[in-house]
Amino acid sequence: MSFAGETVVAVVIFIGLCGVVLPVLPGLILILAAIGVWAFVVGGWAWLIFAVAAGFLGAAALVKYLVANKSMKNSGVPGRTVIAGGLLGIVGFFVIPVIGLIIGFVLGAFGAEWYRNKSIEAGWRGAVAATKAAGIAMIIELAGALFAASIWLGAAFVY
């Protein structure tokens, strides 16, 4: 692959990494697609790099849900609180671009727990627990994405 082609792949991977941190873009999918295009063009051994990167991305996607779910159960917050936070986060994203996602998520989780427990304190505890679980999930997803990007980068330099 030419230097310009690898630069485009690197830029798409970088955009995917940004999409993991700021969930506006499908970060893992962008990273996987960029490495897949690179493997298709390079061929041969590059498919092994693609498979390993896909393994890291898939593992991160699975583990983030398992860990976040366990974190939520340990704090006594039901899954519907996260769903309420997510739905209000989506609405918030369109009302206040980008930061509205975070504000809407926290307010949605707070509202769901407040309604469920009829207590403002319980609402905030639930909102904090949901936010921690979402943060942990993001860190796990970012770790998998960084491993995949690092493997590709090493292979791109070798090739």
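Let me begin with one pair of residues: the side chains of Arg116 and Glu113 meet in a salt bridge, with 2.9 Å from N to O, where a salt bridge is a side-chain nitrogen of Lys or Arg within 4 Å of a carboxyl oxygen of Asp or Glu. Before going on, I should say that this is a predicted model, in which local features need pLDDT of at least 70 and side-chain atom pairs count only at pLDDT 80 or more, while totals for chains, interfaces and linings use all residues. Residues are numbered from 1 along each chain as its sequence is written, and side-chain values use heavy atoms, leaving out hydrogens and water.

Both Arg116 and Glu113 lie in helix H5, residues 99–117, and they are 3 residues apart, about one turn of the helix; helices here are DSSP runs of H or I with at least four residues, numbered from the N terminus. An α-helix has 3.6 residues a turn, so residues three or four places apart point the same way. Arg116 is partly exposed, at 34% relative accessible area, whereas Glu113 is buried, at 2% (buried means under 20%, exposed over 50%, partly exposed in between, with a 1.4 Å probe and protein chains only).

How many salt bridges does a search of the whole structure find? The search finds 2, and Lys64 with Glu141 forms one of them, the closest N and O atoms being 2.8 Å apart. This pair links distant parts of the chain, since Lys64 sits in helix H3 (residues 46–75) and Glu141 in helix H6, 77 residues apart. Both Lys64 and Glu141 are buried.

Helix H6 itself covers residues 120–158, and its 39 residues reach 57 Å from first C-alpha to last, close to the 57 Å expected, the expected span being 1.5 Å times one less than the number of residues.

Turning to the interior, the largest nonpolar core has 21 residues, and those touching the most other members are Ile13, Ile31, Ile35, Trp38, Ala145 and Trp152. Such a core is a set of buried Ala, Val, Leu, Ile, Met, Phe, Trp, Tyr and Cys residues joined through side-chain atoms within 4.5 Å. Helices H1 (3–21), H2, H3 and H6 each give two or more residues to this core, with H2 providing the largest share, 7 residues. Apart from this core lies another, of 11 residues, including Phe110 and Ala130.

Finally, on confidence, the mean pLDDT (the predictor's confidence in each residue, from 0 to 100) is 91 for the chain, and 100% of its residues reach 70 or more.
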